[in-house]
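User: Please take a close look at one part of this model and explain how its surface and its charged side chains are arranged. I would like one connected account.

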Amino acid sequence: MHSRADGRSAVKSAAYTARTTFRDARVRRRFSPGRKGGLLSHELINWTGNAEELWNAAERSERRKNARVIRELRPSLPRELPLPEQVRLVRGFCLWLRDEYGVAVQADIHAPRFLCPEEEKRHSAGKADFAKLPFKVSLA
């Protein structure tokens, strides 16, 4: 749960997980993830515009200073599944959230983070085997 009382912004969180720059109309600031990479999959469920519009609309819909505008889930995915199957699994979960709660969902799958710099370089160069790597998923 992200609360405004903690100084959090749905737009800032969504920009970070989408690895792109969004402008938050409520606080009139631009949020950028910096040089972060590793986004493998990004999609919106139950929303026809772009992600920046979604999260600005969510921020506008709440008036309270302690509103909880966004929920972030980080489920673990089986690393044995290839990336297309992981995307299907996440999409199915997002569709269930849409049907059950009527919410819009931003689903992002990120590449794993490494403790070993050489392994990180291999992965960044496209020489790592995705079937053997764990993935991080953020559902905002």
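Analyst: Helices and strands here are DSSP runs, a helix having at least four residues and a strand at least two, numbered from the N terminus. The model is predicted. The part chosen is helix H3, which spans 83-101, together with the loop between E5 and this helix, where Leu73 lies.

Leu73 has a relative accessibility of 37% and therefore counts as partly exposed, since that class runs between 20% and 50%. Together with Phe93, Trp96, Tyr101 and Val103, Leu73 makes a nonpolar surface patch of about 480 Å².

Next come the charged side chains. The structure holds six salt bridges. One of them joins Glu43 and Arg91, with N to O at 3.0 Å. Because Glu43 is in strand E4 (residues 39-45) and Arg91 is in helix H3, this pair ties together parts 48 residues apart in sequence. The two ends are covered to unlike degrees: Glu43 is buried at 18% relative accessibility, while Arg91, at 33%, is partly exposed.

A further salt bridge is formed by Glu85 and Arg88, whose closest N and O atoms are 3.4 Å apart. Both of these residues lie in helix H3, three residues apart, or about one turn of the helix. Glu85 is partly exposed, with a relative accessible area of 33%; Arg88, at 57%, counts as exposed.

In short, helix H3 holds both Glu85 and Arg88, and Arg91 of this helix is paired with Glu43 of strand E4.

Terms used: Residues are numbered from 1 along each chain as its sequence is written. This is a predicted model: local features need pLDDT of at least 70, side-chain atom pairs count only at pLDDT 80 or more; totals for chains, interfaces and linings use all residues. Side-chain values use heavy atoms; hydrogens and water are left out. Patches are made of residues with over 30% relative accessible area and no salt bridge: like charges are joined within 9 Å, nonpolar side chains (Val, Leu, Ile, Met, Phe, Trp, Tyr) within 5 Å. Accessible areas come from the Shrake-Rupley method with a 1.4 Å probe; for residues, only the protein chains shown count as cover. A salt bridge is a side-chain nitrogen of Lys or Arg within 4 Å of a carboxyl oxygen of Asp or Glu. Buried means under 20% relative accessible area, exposed over 50%, partly exposed in between (1.4 Å probe, protein chains only).
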